[in-house]
Amino acid sequence: MQEVAYRIRRHAIEMIYGAKSGHPGGSLSIAEILSVLYFKEMRVDPKNPSWPERDRLVLSKGHASASLYAALALKGYFPVDELMTFRKINSRLQGHPYISTPGVEITTGSLGQGLSNAVGIALAGAIDRKDYRVYAIISDGECEEGSTWESALFASSHHLSNLTVFVDFNGLQLDGKLLLDLSRIDDMWRAFGWNVIEIDGHDVDQIIGAIEAAKRETGRPTAVIARTVKGKGVSYMENNDHYHGNPPENEDKFRTAIAELQAKIDELDDKIRSLGGSPIEVS
Amino acid sequence: MSVQSVKMNALRDAFGSELAKIGGLNKNIVVLDADTSSSTRSGLFGKAYPERFFDAGLIEVSMMGIAAGLASSGKKVFVAGFASFMSGMVYNTVRQSICYPNLDVNIVATHAGITVGEDGATHQMLEDLGIMAGLPNMKVVAPADAPETARVIDAVANDRGPFYVRLSREKVADVTEGYDFKLGRGLVMREGGDIALISTGILLGETLEAADKLKKDGISATVVDMASVKPIDADLIVKVAKQTGLVMTVEEHSIYNGLGSRVAEVLSERQPTPLKRHGIYDVFGESGTAQELLKKYKLNSDGIAEVARDFVEAMRK
């Protein structure tokens with residue numbers, strides 16, 4: 001799972017550098033969450049993206065689209081080669097997720113809307129008594145949006161326990177450190193009637209544990225506060241708000257980023273082999 | 001026909017009963033409202049099908065996103081509320097979550113226009129036709145009376161959203177009984193040779209009465225009901241412009257970006273014709289009874305006739 005997360009990161013950086021635009025920081029911080037969801041937890045069929053029984057993910061922080069597309073390609077929704085069309089003319093891989101891309105559930109980008117979309121999808125599941133699960137990944141910055149809290153209150157009032165939200169708490173937004181006081185983020189979600197779990201968002205075992213706990217929860221939705229590092233995996237991007245929305249500036253910086261990520265992939269592959277396994281089949 | 005014998009009905013009542021009727025036929029319909037269900041009449045559906053009705057609370061912005069999530073999961077969704085809060089307030093969510101992914105969400109906005117009356121400018125939505133018609137994929141309809149409202153809701157139920165249906169609060173005379181509604185088609189209610197009066201929404205009845213008054217002054221008017229604002233019936237606009245040589249639009253909406261602007265676009269591209277856009281002249285509304293306000297803003301039959309008469313006379317000079 002960790003190894004897949006680093007593959008997602010490497011693709012995301014290649015895509016963003018290829019497009020000369022995109023959002024590396026927040027794409028890198030959610031790689032483990034995406035990896036666990038697509039390669040361990042979610043019941044999906046990449047050959048049948050609209051399978052009615054599938055689990056659903058809404059990437060509310062749509063600017064992290066590069067990592068979502070990488071995860072979808074690695075899972076087999078579309079060819080990995082297509083990733084390099086990201087943000088280019090006539091591509092299916094729009095700057096922010098668009099509904100017609102295989103595996104993308106709904107359009108996101110303007111922040112604070114994705115949670116409401118996920119709530120609607122969860123509500124449809126409840127009306128139809130389906131057992132699919134709905135996940136949303138929102139940013140910490142999105143917890144400044146009023147609509148996030150409208151949706152949170154609706155979800156708990158309607159007991160949508162089929163809904164799990166990951167708050168990617170990397171502590172930075174476009175203009176730098178979080179602009180509003182979100183130090184009591186856990187209490188805020190708790191006050192809105194949610195089951196709250198705090199984890200290290202880069203620890204795959206903790207992510208799996210949180211999802212399993214959320215599945216056992218009845219009567220209320222679960223918010224997983226995932227403590228993450230913006231720019232995780234590329235040393236010069238980590239905790240650096242400059243890389244919220246800027247690609248590597250030059251070939252050297254790009255190569256450094258790829259070298260660091262590839263070294264981590266190789267290290268994790270060796271570890272898997274030394275434990276008698278083989279690196280996960282991803283495409 | 002004397003005024004007393006005309007049936008008066010509210011469009012929202014027709015909406016509520018039609019939706020409740022359709023709800024029995026189509027189990028896939030889900031309805032949302034934001035604490036206005038007794039006023040919008042969506043509550044009639046809620047009473048009949050509580051398991052598919054959600055009075056969401058005062059969360060208009062998120063309600064649109066929730067509607068999108070329901071629609072992306074295969075539901076046919078109706079969202080009801082007051083026009084002020086179903087257009088400007090929620091614009092960005094309607095844009096990104098509903099129109100961009102082209103989802104089957106159908107907004108029924110009641111209490112539009114100046115005839116909201118006593119509540120005043122905050123609740124008198126006069127800009128919504130423009131706000132909504134500017135969105136790709138969005139279809140915009142403003143029926144004239146209760147019978148047309150029922151037909152429009154029926155058409156929306158059998159079509160695929162997104163739709164924005166604009167209704168008003170007041171009871172108005174049933175004037176479209178016996179007609180059909182077809183998206184993108186206007187209705188010729190009366191034919192005349194001197195001017196074409198094109199109205200959208202509930203001012204059709206006043207416009208028809210205005211045509212009667214104009215007749216006494218020797219001006220014969222064509223009257224068109226243009227409920228379908230987007231797509232608009234461009235061919236019919238061109239046709240009546242050719243027949244009369246003068247066009248006037250009537251709406252309880254700003255003269256900017258509403259019916260008047262749409263008709264101006266059609267005429268200037270296809271049939272340049274002198275045009276008078278009559279409506280609200282770039283101001284906010286105010287408190288008063290609906291009738292007082294219609295009189296003050298020259299949107300009752302006397303006012304419409306006066307504006308039309310002045311326009312015809314000015315053009316004859």
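These legends walk through close-up views of a predicted model.

**View 1. Chain B comes in two domains.** The domain assignment splits chain B into domain 1, covering 3–173, and domain 2, covering 187–316. Measure from C-alpha centre to C-alpha centre in your viewer and you should get 25 Å between domain 1 of chain B and domain 2 of chain B.

**View 2. Here is where the two domains of chain B touch.** On one side, 29 residues of domain 1 of chain B take part, and they meet 31 residues of domain 2 of chain B. To find your way around the domain 1 side, look for α7 (128–133), β6 (139–141), α8 (146–158) and β8 (171–173) of chain B, which each give two or more residues to it. What kinds of residues sit on this side of domain 1 of chain B? There are 15 nonpolar ones, along with seven polar and seven charged.

**View 3. A seven-stranded sheet in chain B.** Follow the strands across this open sheet and you'll read β3-β2-β4-β5-β7-β6-β12 of chain B, with mixed pairing. Which strands sit at the edges? They are β3 (53–55) and β12 (228–230) of chain B, and each has pairing on one side only. Going from strand to neighbouring strand, the turn is 20 degrees on average, if you ignore direction.

**View 4. Zooming in on one strand pair of that sheet.** Strands β2 (residues 29–33) and β4 (residues 76–82) of chain B run parallel, and five bridges join them. As a general point, strands in a sheet pair through backbone hydrogen bonds, in either a parallel or an antiparallel way. For a landmark, pick B:V31: the residue standing opposite, in β4 of chain B, is B:F78.

**View 5. A five-stranded sheet in chain B, with a helix packed on it.** This open sheet has the strand order β9-β11-β10-β13-β14 in chain B, and its pairing is mixed too. At the edges you'll find β9 (187–190) and β14 (275–280) of chain B, each paired on one side only. Neighbouring strands here are turned by 25 degrees against each other on average, direction ignored. Helix α13 (residues 301–316) of chain B packs on this sheet and touches β10, β11 (221–225), β13 and β14 of chain B. The directions of α13 and β14 of chain B make an angle of about 155 degrees.

**View 6. Inside the five-stranded sheet, β10 meets β13.** Strand β10 (residues 195–199) of chain B pairs with strand β13 (residues 247–254) of chain B in the parallel sense, over four bridges. Which residue of β13 of chain B is the bridge partner of B:S199? Look for B:V250.

**View 7. Two helices cross in chain A.** Helix α3 (residues 31–41) and helix α4 (residues 65–75) of chain A have axes that come within 10 Å and cross at roughly 30 degrees. That angle is under 35 degrees, so α3 and α4 of chain A count as roughly parallel to each other. Their crossing is right-handed. From α3 of chain A, the contact uses A:A31, A:L34, A:S35 and A:Y38, while α4 of chain A brings A:S67, A:L68, A:A71 and A:K75. Sorted by class, this contact has five nonpolar, two polar and one charged residues.

**View 8. Chain B meets chain A.** Here 23 residues of chain B are in contact with 20 residues of chain A. On the chain B side, α4 (60–72) and α6 (91–99) each supply at least two residues. Which element of chain B gives the most? That's α4 of chain B, with nine residues. The chain B side divides into ten nonpolar, ten polar and three charged residues.

Conventions
Residues are numbered from 1 along each chain as its sequence is written. Chains are lettered from A and ligands numbered from 1 in the order in which they are written. This is a predicted model: local features need pLDDT of at least 70, side-chain atom pairs count only at pLDDT 80 or more; totals for chains, interfaces and linings use all residues. Domain bounds come from an automatic or database domain assignment. Two residues are in contact if their C-beta atoms, placed from the backbone, lie within 7 Å. Ala, Val, Leu, Ile, Met, Phe, Trp, Tyr, Cys and Pro count as nonpolar, Asp, Glu, Lys and Arg as charged, and the others, Gly among them, as polar. Axes are lines fitted to C-alpha atoms, for helices over the stretch in contact, and angles run from 0 to 180 degrees between N-to-C directions. Angles under 35 degrees count as roughly parallel, over 145 as roughly antiparallel, 65 to 115 as roughly perpendicular and the rest as oblique. A crossing is left-handed if the near helix is turned anticlockwise from the far one by less than a right angle, and right-handed if clockwise. Two strands pair if DSSP finds at least two bridges between them.
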